[in-house]
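Visitor: I'm new to this one, and I'd like a close look at a single part. Could you take me to the cysteines and tell me how they are placed?

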Amino acid sequence: VRESDAALWFACCAELRSEHPLGHAIINSGREIWGHDILKPTARGRAAANETEELTISEFQVVPGRGVECTINNIGRNTSCQVRVGNRSWVTDDAEANTLSPGDITSQSDDDVRSLRTGGQIGVYVSVKTTTMNTFHIIGVIGIVDPLKNEARSTIAALKNLGVDVWMCTGDHELTANAVARKIGIDEDNVCSSVSPEGKADLIRRLQKRRVKGRHGRLVENRVAFVGDGINDAVALARSDVGIAIGAGTEVAVEAADIVLVRSQLHDVVVSLHLSRIVFDRIRLNFVWAMAYNLFAIPFAAGFLYPFTDWTLPPAFAGLMMAFSSVSVVMSSLLLRTYVKPTIDEDGGMEERGCTR
């Protein structure tokens, strides 16, 4: 492993057992250089050097919202070293070091991370602690480009058109979060950055306590839907009123969600909310129709016309009318089969087709 690639190699070793999407990105980058087996690196087609002892990974742990740690055994004269990958406070064992401000930047690594975050990239630190060191030392930083999906901006605009107040809650740094929010159209006042998994659940709890104007102008309880795909989102997905998981996300996120987007397309978030409103409006229509039908027919079945015409409704005819009531409600519900998901334009406009209400 070349010295210039050492930070990436150590990071790959630490992320080998990680399920986080960013960890997968780091490993994929390493495999482009050293091949599939990171612990036996092959530099640009050359065979790996024979080691007297095979490298192994042990004591792997994930600290949600902070990073990962592992121990690499049999590295350099049969010694071992600890590796940490994550935010600054985690890799340096300093609880006060995670927030960077102009007055705090004293090292090149901080400058590099700030530059990455300003450009909307994710900057993570890599630190190492050997048997001869008392503390972890930062050996490098890694910039990860988490590209925005093409439909991200139109999805946000469509949600706003549906009357949804859109928030961003992320564990990324404030600079990265604000840069992404500007690109996709989320107000900076609705951006929460550097949030731990427990902090995401707390934000949902606070949003749920708000009372907002409903679709008909009345104050109603705030209902919160949360969209996530990572292990850090599992608590928030379970705490929200509706948890929506990206199908390509981690298993724990999928298990905690109420809705799973199998195709992993953001437009399906809008479609799921739109379809739920269509179904609920149909339930209301069926309820009103059934109540009106029965309120109209019950007086005749009770003999309302008998004092005037000496005529009563035959039991068989009454039963037929009751059956027709059920059939009409079922037929109304079957109209939902004509539902076609709306087409979402780049500006968030929706073209509805099929069953709409």
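Guide: Let's start with the cysteines and then take a short walk to two other spots. Keep in mind that this is a predicted model.

So, how many disulfides does the structure hold? Zero. Take Cys81: the nearest cysteine sulfur belongs to Cys70 and sits 7.6 Å away, and Cys81 is in no disulfide. A pair of sulfurs has to be within 2.5 Å to count as a disulfide, which is why that distance rules this pair out. Cys81 is also buried, with a relative accessible area of just 5%. Cys192 is in no disulfide either; here the nearest cysteine sulfur is that of Cys169, at 5.4 Å. Cys192 is buried too, because its relative accessible area of 19% falls under the 20% cut-off.

While you're here, have a look at the strands. Strand 1 (residues 56–63) and strand 2 (residues 67–73) run antiparallel, and six bridges join them. Val63 faces Gly67 of strand 2 across the pairing. The hairpin made by these two strands has three residues between them, and in it Gly65 takes a positive phi near 85°.

Last stop, the surface. Leu275, Val279, Phe280 and Ile283 make a nonpolar patch of about 330 Å² there. Of these, let's pick out Val279, which you'll find in helix 10 (residues 267–301). Val279 counts as partly exposed, because its relative accessible area is 31%, whereas Cys81 back at the start is buried.

Methods
Residues numbered from 1 in each chain as written. Predicted model: local features only at pLDDT ≥ 70, side-chain atom pairs only at ≥ 80, totals over all residues. Heavy atoms only, no water. Buried < 20%, exposed > 50% of the residue type's maximum accessible area, 1.4 Å probe, protein only. Patch = residues over 30% accessible without salt bridge, like charges linked within 9 Å, V, L, I, M, F, W, Y side chains within 5 Å. Areas by Shrake-Rupley, 256 points an atom, 1.4 Å probe, with all protein chains shown as cover. Salt bridge = Lys/Arg side-chain N within 4 Å of Asp/Glu carboxyl O. Helix = DSSP H or I, 4+ residues; strand = E, 2+ residues; numbered from the N terminus. Pairing = 2+ DSSP bridges.
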